[in-house]
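Biologist: I'd like a close look at a single part of this one, taken slowly. Could you put the model up first, and then I'll say where to zoom in?

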Amino acid sequence: MKKISIILLALLCAGITFGQQSLKVKVINADSKETLGSATVLINAIKKNIITDSMGIAVFQNLPDGKYKLSVSYVGYAEKEISVTIPF
């Protein structure tokens, strides 16, 4: 089964008021480094999911501070989970 890599780009876009943060994620093939458009990125704790664009990017906005597990899935690939804490 193919593997997914997740790159947290500009992990947090700081400066958003009231403790709300943004998280930008890029999903790529772990071996070829090819971007994976239409992958599903899920933050289960807050029940938010986003489908990546054609460049493999998903942006979560207005996230409250906290620790989250991101689950990424894509047809034909093993699911990948990572933990992230907002803010750093």
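Which residue in strand 4 does Leu 42 stand opposite? Start there and walk me through strand 3 and its surroundings.

Modeller: Leu 42 stands opposite Asn 49 in strand 4. Keep in mind that this is a predicted model.

Let me set the scene before zooming in. The protein chain has seven strands and zero helices, so to speak a plain β-β-β-β-β-β-β when you read along the sequence. Of its 88 residues, 34% count as buried. Take the contacts with a separation of 6 or more: 47% of them come from residues 24 or more positions apart. The chain exposes about 5,200 Å², with carbon and sulfur atoms supplying 54% of that area.

Now the sheet that holds our strand. Four strands make it up, it is open, and the order is 4-3-6-7 with antiparallel pairing. Strand 4 (48-51) and strand 7 are the edge strands; each has a single partner strand, so one side of each is left without a neighbour in the sheet. On average, neighbouring strands here are turned by 20° against each other, direction ignored.

Strand 3 has strand 4 on one flank and strand 6 on the other, following that order. Towards strand 4, the two run antiparallel and are joined by four bridges. Besides the Leu 42 and Asn 49 pairing, Val 41 stands opposite Ile 50 on that flank. Towards strand 6, the pairing is again antiparallel, over four bridges, and there Val 41 stands opposite Val 72. Val 41 therefore has a partner in strand 4 and another in strand 6, by the bridge criterion used for pairing strands.

Next, the two faces. In a regular strand the side chains alternate between the two faces of the sheet. In strand 3, Val 41 and Ile 43 make up the covered face, while Thr 40 and Leu 42 make up the uncovered one. Your Leu 42, then, is on the uncovered side.

The covered side is where the core comes in. The largest nonpolar core has 17 residues, and Leu 23, Val 27, Val 41 and Leu 70 touch the most other members. The elements giving two or more residues to this core are strand 2 (20-29), strand 3 (40-43), strand 5 (57-64), strand 6 (66-73) and strand 7 (80-86). Val 41 thus turns up both on the covered face of strand 3 and among those core residues.

Its face-mate Ile 43, also in strand 3, is buried, with a relative accessible area of 0%. Leaving out residues up to four places away in sequence, Ile 43 touches Lys 48, Phe 60, Leu 63, Tyr 68, Lys 69 and Leu 70. Take Lys 69 from that list: 26 residues from Ile 43 along the chain, yet the two C-alpha atoms are separated by 6.1 Å.

Leu 70 is another contact of Ile 43, and it leads you on across the sheet. Its bridge partner in strand 7 is Ile 82, and strand 6 and strand 7 pair in the antiparallel sense over seven bridges.

Back at the strand 4 side, look at the turn. Strand 3 and strand 4 form a hairpin with four residues between them. Lys 47 lies in that loop and has a positive phi of about 55° although it is not a glycine. Lys 47 is exposed, with a relative accessible area of 69%.

There is a similar entry before strand 3. Lys 33 is found in the loop between strand 2 and strand 3, and although it is not a glycine, it has a positive phi of about 65°. At 53% relative accessibility, Lys 33 counts as exposed.

One last stop, outside strand 3: the aromatic rings. The count comes to one aromatic pair. The rings of Tyr 74 and Tyr 77 have their centres 5.1 Å apart and their planes at 75°, so the pair is edge-to-face. Tyr 77 is buried, at a relative accessible area of 11%, whereas Tyr 74 is partly exposed, at 28%.

Methods. Residues numbered from 1 in each chain as written. Predicted model: local features only at pLDDT ≥ 70, side-chain atom pairs only at ≥ 80, totals over all residues. Heavy atoms only, no water. Core = buried A, V, L, I, M, F, W, Y, C linked by side-chain atoms within 4.5 Å. Buried < 20%, exposed > 50% of the residue type's maximum accessible area, 1.4 Å probe, protein only. Phe/Tyr/Trp six-rings, centres within 6.5 Å; stacked < 30°, edge-to-face > 60°. Axes fitted to C-alpha atoms, helices over the stretch in contact; angles between N-to-C directions. Contact = heavy atoms within 4.5 Å. Areas by Shrake-Rupley, 256 points an atom, 1.4 Å probe, with all protein chains shown as cover.
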